[in-house]
Amino acid sequence: MVSGNFLKAYRFLCYEVLFLIAFGGSVRAMDAGLACPDWPLCFGDYIPDFHIQVYFEFLHRVLAGTVGLFVGGFGIYLLARKDVSVLVKSLSVLSIVLVLAQVVMGGLTVLLLLDENTVTGHLLLATMLFASLLWTYWELRAEQVVAPKIGIPGWLKGMILTLLFAVWAQIILGGLVSANYAGMACPTFPLCHGRLVPTLQGLVGLQVMHRLGAYLCVALAFAIWIVLRKPQFSRNVPMRSWSRRLILAVIAQIFLGIANVVFVIPPLITVLHLAVATYILGASLRLTFLMYWDKGELAQTVRSSERQSVGWARPVEKNQ
């Protein structure tokens, strides 16, 4: 089993990737995506002269490089260990591949002058890396505990998986809205040009689809939260806890989305909107992980001596 210090470092890496995604949103919000017009250098220098927009892009590259080094280093360390699961090793390889793909995509984002498809692909790969690292971290923790099976009905599993992919699609739609400068294509809320769905074509249609996706995600999140509050799920403390966190984040996201329209997309709210969306993705993924962990597919058996001394290990998730 990996050490507690390694787990803390890996958890910090997950937070760093979340911050990196939000910081990437700030680069976009500050219109600094081409502040460094070349790549991999910036104005031909490793460290450019100071300018606020230039340093938004420059620091984003520095942070991305730091994340890449840690992902690679941690991944190689896990691949070299014989006491971690095949799933952890596979996820480590995936994370390294995603980092390499992000390097290429980051360069293309600059060289192709912020092409909307490239920018959106850059965001997609970033969320995939975030998800891969989170799942690796949770799997490493789950290997150190066992827990009694509680049981999740199939229809609830379907709802949770639907929420996960709906949130992921919603983030990508949001990326397309931002990349196409369609944030104010619907200048009012909740109606758009006087109608709920005036069209599904063009920039207005892109914004409308983003709003419809948000309504679906909100409905699914509240439905899952209501279901998990029922008495039969009272023993599943981790899932109930994370469903509450999910709802709080969703409520915050609703207000941020409305504020984006009311205040005409201010940079701070735009960045918070992306950060909370990424957190919602992480919370949805956490529910998915707990769903399978409860099923016994991810929980590993602790050493027999530990079982004899402590019985069923208390799930780490209860403290989260």
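Q: How much space lies in the largest cavity?
A: A cavity is a set of points on a 1 Å grid over the protein atoms alone where a 1.4 Å probe fits but cannot get out. Grid points are joined across faces, edges and corners, and a volume is the space filled by probe spheres set on them. For the largest cavity this gives about 30 Å³.

Q: What pLDDT do side-chain atom pairs need in this predicted model?
A: Residues are numbered from 1 along each chain as its sequence is written, and side-chain values use heavy atoms, without hydrogens and water. The model is predicted: totals for chains, interfaces and linings use all residues, local features need pLDDT of at least 70, and side-chain atom pairs count only at pLDDT 80 or more.

Q: Which residue that lines the largest cavity follows a cis peptide bond?
A: Lining residues have an atom within 4 Å of a point. Leu196, Val208, Arg211, Leu212 and Tyr215 are among those around the largest cavity. A cis bond with omega about 10° links Phe189 to the residue in question, which also belongs to the lining: Pro190.

Q: Where does Pro40 lie?
A: Most peptide bonds are trans. The bond from Trp39 to Pro40 is cis, with omega near 10°. Helices are DSSP runs (H or I, at least four residues), numbered from the N terminus. Pro40 sits in the loop between α1 (4-29) and α2 (52-80).

Q: Is Leu114 buried or exposed?
A: Leu114 lies in the loop between α3 (86-111) and α4 (116-142). Its phi is positive, near 60°. Buried means under 20% relative accessible area, exposed over 50% (1.4 Å probe, protein chains only). Leu114 has 16% relative accessibility, so it counts as buried.

Q: Which residues are closest to the centre of the second largest pocket?
A: A pocket is an open set with protein on both sides within 12 Å along at least five of seven lines. The second largest one has a volume of about 340 Å³. It is lined by 16 residues, and the closest to its centre are Tyr15, Leu134, Trp138, Trp242 and Tyr279.

Q: Which element gives the largest share of that pocket's lining?
A: The lining of the second largest pocket divides into 10 nonpolar, 2 polar and 4 charged residues. Ala, Val, Leu, Ile, Met, Phe, Trp, Tyr, Cys and Pro count as nonpolar, Asp, Glu, Lys and Arg as charged, and the others, Gly among them, as polar. The largest share of this lining, 5 residues, comes from α4.

How values were computed
Helix = DSSP H or I, 4+ residues; strand = E, 2+ residues; numbered from the N terminus.
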